Each structure stands twice: as C-alpha cells, then as structure tokens.
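Here is a colleague's note for someone opening this entry for the first time. Please keep the structure in view while going through the points.

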Amino acid sequence: VNSHAPRLSVLCMLGPILSRLNTKSIVLASSSPRRREILQMAGLSFRIVPSRFEENLPKSDYEGRPGDYAKATAQGKAKDVFERLKKEGPVPSLVISADSIVVVDGEILEKPRSEDDARSMLSRLSGRSHSVISGVSLGVPVENELSLVTFHEETAVDFADLTRDMIEYYISTKEPMDKAGSYGIQGIAGSFVKAIRGDFYNVVGLPLYRTCREIIGLAESGLI
C-alpha cells in the first residue's frame, strides 16, 4: 500500500482549482495541529486565526441531535473569526471551522477536564463501538456578510478491550488530554482501534473528502 495515496487523491480532487484557490485569503479558525495538517495535505494555502468562541453550548438543547451540536459549535467558531477579521480589514475569502465530538450511549464526550475524566471516558469506550462526529462550517462573504455552508460527518469506531494498565499508560503519555473522547486515532491510541466505518480523517478532526467536495461546490458557484 502506498502511504502517500490519500495525499495524492486529495490533490487530484482539488488540483484543477488549486491555483485559483491559493490566490484567495483562506483562514482556518482553529489552532488544532491535526486540522492544519489535513488542510495542508489538501494543498491549500491558508493562515490560522484561532477562534475564541466558548465551546459551552448547553447539550440539553441538542438531546438526540449530536450532529446539530457539532454544527452549531462550528458555526460559532466561524462567526467569531469572521467578525473579528471584518473589523480589522478586508474580509477573508473563506473561513474554515470545525468541531469534533465523540458520542457513546447518546452522550457527547468532548475533551477531558482531568485525568480522572479521561480515565472514565476510555473505560466507557473500551470494547465497544462509538461515533465520532465532526461539524464543519465553510464561511464566505456575501455583500460583506458571512454566508455559511455547514455540514456534519459521522464515523463509527470499534474499540478493543482495554486493560486498566493500558488506560493508565496511555494517560501517562498526556496524549488524551486535548482530544475529544480522550484519544487520538493518529497517535498511540491508533492501536486501540479495531475498525472504522467512514472517513478516517473525520476521526482525526476534519472530514477531508466532504470538506473538499464542499469547497469545490463553493468554487463552482463563484462564491470563492
């Protein structure tokens, strides 16, 4: 298997419009190194302006609708960055924002607040299937106001049975502490994953295929 195949397929997808896209002002509204790497894989040139949107929407308002919760948070991030940049000067051509959550037993798991929280999350995921949902917003200026295309992607993940020692070792690496559900599939915890159904990059933090398709749609519509 060619380890570079995903990168080449993405470049082929955006290739016909990449030179035009990279003359635009594209902003990633996130400080996530994982989302930065995914967009770089797509060949995009962009700058990073982290959102200051507080990720504290009341989960009770989205009971049974975790995808809507992730989308609402992504929209909040895009709006925050767009409005800040609008005050500073020319508005960006495209703002990309995302929010990823883990869902198990209908409960939304975000980043752990403590090691005990991470321990609890990993114990719940052990030996079971869960969903990773990413909400994504693509914001473009229309008459100097923000117009959003927002969607979500869901990937099913099957976890192996984790022993207490496995969980304790993983927590000791500190890797779980900045990740939804307390694990990162692209890191050490990749060995915990028995199978996935859906977009691998969605589990990492940004659904690459769908994001590229939506960017192409915006370009074909003349919005970027």
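**Notes on pockets, strands and cores**

1. The lining of the largest pocket is mixed: 10 residues are nonpolar, 8 are polar and 9 are charged. Keep in mind that this is a predicted model. The volume of this largest pocket is about 560 Å³. In total, 27 residues line the pocket, and Arg34, Arg35, Ser100, Lys111 and Asp178 are the closest to its centre. Three elements give two or more residues each to the lining: helix 2 (33-41), strand 3 (94-104) and helix 6 (200-204). Strand 3 gives the most, with 4 residues.

2. The second largest pocket holds about 240 Å³ of space. Its lining includes Lys59, Glu107, Arg113 and Met121. By class, 3 of the lining residues are nonpolar, 1 is polar and 7 are charged. Which element gives the most to this lining? Helix 4 does, with 4 residues.

3. Strand 3 deserves a careful look. All 11 of its 11 residues are buried, so the strand is largely enclosed by the rest of the structure. In a regular strand, side chains alternate between the two faces of the sheet. Both faces of strand 3 are covered. One side carries Leu94, Ile96, Ala98, Ser100, Val102 and Val104. The other carries Val95, Ser97, Asp99, Ile101 and Val103.

4. Now the partners of strand 3. Strand 1 (residues 26-28) runs parallel to strand 3, and 3 bridges join them. Here leucine 28 has isoleucine 96 as its bridge partner. Strand 4 is antiparallel to strand 3, again with 3 bridges. In that pair, valine 102 is matched with leucine 109. Strands 3 and 4 form a hairpin with 2 residues between them. In the turn, aspartate 105 has a positive phi of about 55°.

5. Strand 5 also pairs with strand 3, in the antiparallel sense, over 9 bridges. Two places to check: valine 95 stands opposite glycine 139, and aspartate 99 has glycine 135 as its bridge partner. Strand 5 (residues 129-142) is itself mostly covered, with 11 of its 14 residues buried.

6. On to strand 6. Strand 5 and strand 6 pair in the antiparallel sense over 14 bridges. Histidine 130 stands opposite valine 157 in this pair. The two strands form a hairpin with 2 residues between them. Glutamate 143, in the turn, has a positive phi of about 55°.

7. Next, the interior. In soluble globular proteins, nonpolar side chains tend to be buried together. The largest nonpolar core here has 49 residues. Leu14, Leu44, Leu94, Ile96, Phe159 and Tyr183 touch the most other members. Helix 7 (residues 208-220) supplies the largest share of this core, 6 residues. Apart from this core lies another, of 9 residues, among them Tyr62, Tyr69, Ile108 and Ile133.

8. What does leucine 14 touch, leaving aside its neighbours within four places in sequence? Its contacts are Leu21, Ala42, Leu44, Cys212 and Ile216.

9. Threonine 211 is in helix 7. Is it buried or exposed? Threonine 211 has a relative accessible area of 1% and therefore counts as buried, the cut-off being under 20%. Beyond its neighbours within four places in sequence, threonine 211 is in contact with Val136, Leu138, Phe151 and Leu206.

10. Finally, look at leucine 162. This residue is in the loop between strand 6 (145-159) and helix 5 (164-172). Leucine 162 is buried, with a relative accessible area of 12%. Not counting residues up to four places away in sequence, leucine 162 touches Leu122, Ser126, Ile167 and Phe192. Asparagine 22 is 140 residues from leucine 162 along the chain, and their C-alpha atoms are separated by 44 Å.

Definitions and conventions: Residues numbered from 1 in each chain as written. Predicted model: local features only at pLDDT ≥ 70, side-chain atom pairs only at ≥ 80, totals over all residues. Heavy atoms only, no water. 1 Å grid on protein atoms, 1.4 Å probe; cavity = no way out; pocket = protein on both sides within 12 Å on 5 of 7 lines; lining within 4 Å. Points joined across faces, edges and corners; volume = space filled by probe spheres on them. Nonpolar A, V, L, I, M, F, W, Y, C, P; charged D, E, K, R; others polar. Buried < 20%, exposed > 50% of the residue type's maximum accessible area, 1.4 Å probe, protein only. Contact = heavy atoms within 4.5 Å. Core = buried A, V, L, I, M, F, W, Y, C linked by side-chain atoms within 4.5 Å. Pairing = 2+ DSSP bridges.
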